Amino acid sequence: SNQMMTPEEKGAHFAKMEAMMRQREEARQRVHAECRAWCAKTWEKANFATNDNPYLKRKGVNAYGVKAFKDTLLISVQDIDRNIHGMQFIYPDGVKKFKTGTNKAGHFFKIGSTKDKTVIICEGYATGASIYQATGHAVVIAFDSGNLAAVSQIILLKFPDIKIIIAADDDYITEGNPGLTKAIEAAKSINGLLAVPTFPDNRGIKDTDFNDMALLTGLEAVKACIEAAAMPAPAPEVESPSQAESDSTI
């Protein structure tokens, strides 16, 4: 154990650990670089998807700048300067995978061009396409809830006067509701607005996002829901137990 090591052994041990970490980081950078090169080349050669793509047809949305290989949808993962960092594949059955080495953090896919200095940020492509069809506002696809905050901060940094609406997924069946929790965190981190889909009584367990809402209630309802976006309510003040105890002992 550590206690038994001489200072020399400790030094050698830490040097070895550092070398391993450095190697791991270099390997990670290499995988990222290979992925970027493959994706840039593949994206350039691929054809634009059409509205006939089976996944898009099932979701009731159009192809906005996405590409396809046969029936598989290709969605590029880009930074704010349009450099490609990876790719998401959506198979006809709805299974989503990323190209190995894709660096998602703070990267996104954009639909449409900004009007009225407003941008809407959401998780998935079909969700974003429904929102775009309903509102005509530029939509930014962050790919998952964990990336919402990073993407919103990057956009706000580049466009400080833009109005950002975070359009949440409501993962109401999932433990801890990651879609809603992360969307609230993202909105708070930029002082932005939050929109949450609302569902009719016949909501199914898989109905969680604005695309599901569009298919159930139509685009007008989605538009109204996005327009009703508001700042997320502050968390309720919770009385700390120590405070409560001290009160009761007086």
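**Exercise 1. Find which residues of helix 4 are buried, and work out how they are arranged around the helix.**

*Solution.* Start with the list: in helix 4, which covers residues 148–158, the buried residues are Leu148, Val151, Ser152 and Ile155. Keep in mind that you're looking at a predicted model.

Next, look down the axis of helix 4: the buried residues fall within an arc of 95 degrees, so they line one face of the helix. A bit of background helps here: an α-helix has 3.6 residues a turn, so residues three or four places apart point the same way.

Finally, see what that buried set packs against: strand 7 (118–122), strand 8 (138–141), strand 9 (163–167) and helix 5 (178–189).

**Exercise 2. Take Ser152 and decide: buried or exposed?**

*Solution.* First place the residue: Ser152 sits in helix 4. Now check its relative accessibility, which is 0%. Buried means under 20%, so Ser152 counts as buried.

Then ask who its partners are. Skipping neighbours within four places in sequence, Ser152 is in contact with Ile121, Ile164, Ile166, Ala186 and Ile190.

**Exercise 3. Do the same for Val119, then see how far Val119 is from Ile164.**

*Solution.* Val119 belongs to strand 7. With a relative accessibility of 3%, Val119 counts as buried.

Setting aside neighbours within four places in sequence, its contacts are Thr114, Ala138, Val140, Ile162, Lys163, Ile164 and Ile165. Pick Ile164 from that list: Val119 and Ile164 are 45 residues apart in sequence, yet their C-alpha atoms are 5.1 Å apart in space.

**Exercise 4. Now try Gln29: which accessibility class does this residue fall into, and how far is it from Tyr55?**

*Solution.* Gln29 is part of helix 1, residues 7–45. Its relative accessibility is 40%, so Gln29 counts as partly exposed.

For the distance, go from C-alpha to C-alpha: Gln29 and Tyr55 are 26 residues apart along the chain and separated by 33 Å.

**Exercise 5. Describe how helix 3 and helix 6 meet.**

*Solution.* Two packed helices are described by the angle between their axes and the distance between the axes. For helix 3 (residues 125–135) and helix 6 (residues 210–217), the axes come within 7 Å and cross at roughly 55 degrees. That crossing makes helix 3 oblique to helix 6.

Who does the touching? On the helix 3 side it's Ala126, Thr127, Ser130 and Ile131, and on the helix 6 side Phe210, Asn211 and Ala214. Sort these contact residues and you get four nonpolar, three polar and no charged.

**Exercise 6. Locate the largest nonpolar core and follow Phe210 inside it.**

*Solution.* The largest nonpolar core has 43 residues, and those with the most contacts inside it are Val66, Phe109, Tyr125, Ile131, Phe210 and Ile226. Helix 3 gives the most to this core, with five residues.

Now zoom in on Phe210. Not counting residues up to four places away in sequence, its contacts include Thr127, Ser130 and Ile131, along with Pro197, Val222 and Ile226. Apart from the largest core lies another one, of 18 residues, including Ala138, Leu148, Ala187 and Ile190.

**Exercise 7. Step back and sketch the whole chain in numbers.**

*Solution.* Count the elements first: eight helices and ten strands. For the dimensions, the C-alpha trace spans about 70 × 70 × 40 Å along its principal axes.

Of the 250 residues in the chain, 40% are buried. Last, take the contacts with a separation of 6 or more: residues 24 or more positions apart account for 57% of them.

Conventions. Residues numbered from 1 in each chain as written. Predicted model: local features only at pLDDT ≥ 70, side-chain atom pairs only at ≥ 80, totals over all residues. Heavy atoms only, no water. Axes fitted to C-alpha atoms, helices over the stretch in contact; angles between N-to-C directions. Helix = DSSP H or I, 4+ residues; strand = E, 2+ residues; numbered from the N terminus. Parallel < 35°, antiparallel > 145°, perpendicular 65-115°, else oblique. Contact = heavy atoms within 4.5 Å. Nonpolar A, V, L, I, M, F, W, Y, C, P; charged D, E, K, R; others polar. Buried < 20%, exposed > 50% of the residue type's maximum accessible area, 1.4 Å probe, protein only. Arc of directions from axis to C-beta. Core = buried A, V, L, I, M, F, W, Y, C linked by side-chain atoms within 4.5 Å.
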